[in-house]
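Good morning, and thank you for making time for this presentation. Please have the sequence and the model open in front of you, as I shall refer to both throughout.

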Amino acid sequence: MNLFGVMDVSASALQAERVRAEVTASNMANAETTRTADGGPYRRQQVLFQTAGQEGTFGAAFMSHLGMHGGSTSSNATGGVEVAGVQDDAKAPIMRFDPGHPDADANGYVAYPDIDPLTEMVELMSAQRSYGMNASAVQAEKSMITSSLDILK
């Protein structure tokens, strides 16, 4: 991986963490949503990440980078992370007794999403910190490139 490849890896992570933060914010905003277009309560969503642009495992990419197993000395794999998808949580909704609610069933129970605000805040803080660390990595690489150009003057 060349020097600019590191920036590509950090950029992919920044994009993936932005999506995770948006999905988490959506979960928090819909924690009390009892009716969606699909007819039921809102379902908590989770972001699934996967390795981007790499064939096989880290070990295979590392060996290819070193020129072993018939590989070249430069890896074509960009690495990084990408969003594989956003999936609904399979947890059953929480049933609360509220006979006056418009979405109450015949027994007076309302189905609410199974969303824990504490869990969502931890998820949001994790996304924020990951985003910040990758932004710092981009700044560090920018500084290294600038220093390299200053040496050439």
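Let me begin with a question: which helix is included in what covers the buried residues of H3? The answer is helix H1, residues 3–29. Before I develop that point, I should state that this is a predicted model. The mean pLDDT of the protein is 86, and 82% of the residues reach 70 or more. One segment calls for caution: over residues 70–77 the pLDDT stays under 50, and the model has eight contacts beyond four places in sequence for that segment.

Now to the overall arrangement. The protein has three helices and four strands, and along the sequence these follow the pattern α-β-α-β-β-β-α. Of the 153 residues, 25% are buried. Among contacts with a separation of 6 or more, 70% are between residues 24 or more positions apart.

I turn next to helix H1. This helix has 27 residues and reaches 40 Å from its first C-alpha to its last, close to the 39 Å expected at 1.5 Å a residue. Its buried residues include Gly5, Leu14, Val19 and Val23, and also Glu17, Arg20 and Asn27. What covers the buried residues of H1 includes strand E1 (45–51), strand E2 (81–88) and helix H3.

Ser12 serves as an example from this helix. Is Ser12 buried or exposed? Its relative accessible area is 15%, below the 20% cut-off, and Ser12 is therefore counted as buried. Leaving aside residues up to four places away in sequence, Ser12 touches Gly80 and Val81.

Helix H3 is the other partner. H3 spans residues 117–152; it has 36 residues and reaches 53 Å from first C-alpha to last, close to the expected 52 Å. The buried residues here are Glu120, Ala127, Ser130, Asn134, Glu141 and Ile145.

Glu123 also belongs to H3, and it illustrates how the two helices meet. Which residues does Glu123 touch, beyond those up to four places away in sequence? They are Arg20 and Thr24, both of which appear among the buried residues of H1. The C-alpha atoms of Glu123 and Arg20 are separated by 8.3 Å, although the two residues are 103 residues apart along the chain. Glu123 itself is partly exposed, because its relative accessible area of 25% falls between the 20% and 50% cut-offs.

My last topic is the cavity. The structure holds one cavity of 30 Å³ or more, and the volume of the largest cavity is about 70 Å³. Which residues line it? They are Pro41, Tyr42, Arg43, Arg44, Asp89, Lys91, Pro93, Pro113, Asp114 and Ile115. By class, this lining has five nonpolar and five charged residues, with no polar ones.

Within that lining, consider Asp114. Asp114 sits in the loop between strand E4 (109–112) and helix H3. With a relative accessible area of 28%, Asp114 is partly exposed. Beyond residues up to four places away in sequence, its contacts are Arg44, Lys91, Ala92 and Ile94; of these, Arg44 and Lys91 are also in the cavity lining. Asp89, another lining residue, is 25 residues away from Asp114 along the chain, and their C-alpha atoms are separated by 8.9 Å.

To close, I return to the opening question: H1 is part of what covers the buried residues of H3, and H3 is part of what covers those of H1. Thank you for your attention.

Technical notes:
Residues are numbered from 1 along each chain as its sequence is written. This is a predicted model: local features need pLDDT of at least 70, side-chain atom pairs count only at pLDDT 80 or more; totals for chains, interfaces and linings use all residues. Side-chain values use heavy atoms; hydrogens and water are left out. On a 1 Å grid over the protein atoms alone, a cavity is a set of points where a 1.4 Å probe fits but cannot get out, and a pocket is an open set with protein on both sides within 12 Å along at least five of seven lines; lining residues have an atom within 4 Å of a point. Grid points are joined across faces, edges and corners, and a volume is the space filled by probe spheres set on the points. Ala, Val, Leu, Ile, Met, Phe, Trp, Tyr, Cys and Pro count as nonpolar, Asp, Glu, Lys and Arg as charged, and the others, Gly among them, as polar. Buried means under 20% relative accessible area, exposed over 50%, partly exposed in between (1.4 Å probe, protein chains only). Contact means heavy atoms within 4.5 Å. The expected span of a helix is 1.5 Å times one less than its number of residues. pLDDT is the predictor's confidence in each residue, from 0 to 100.
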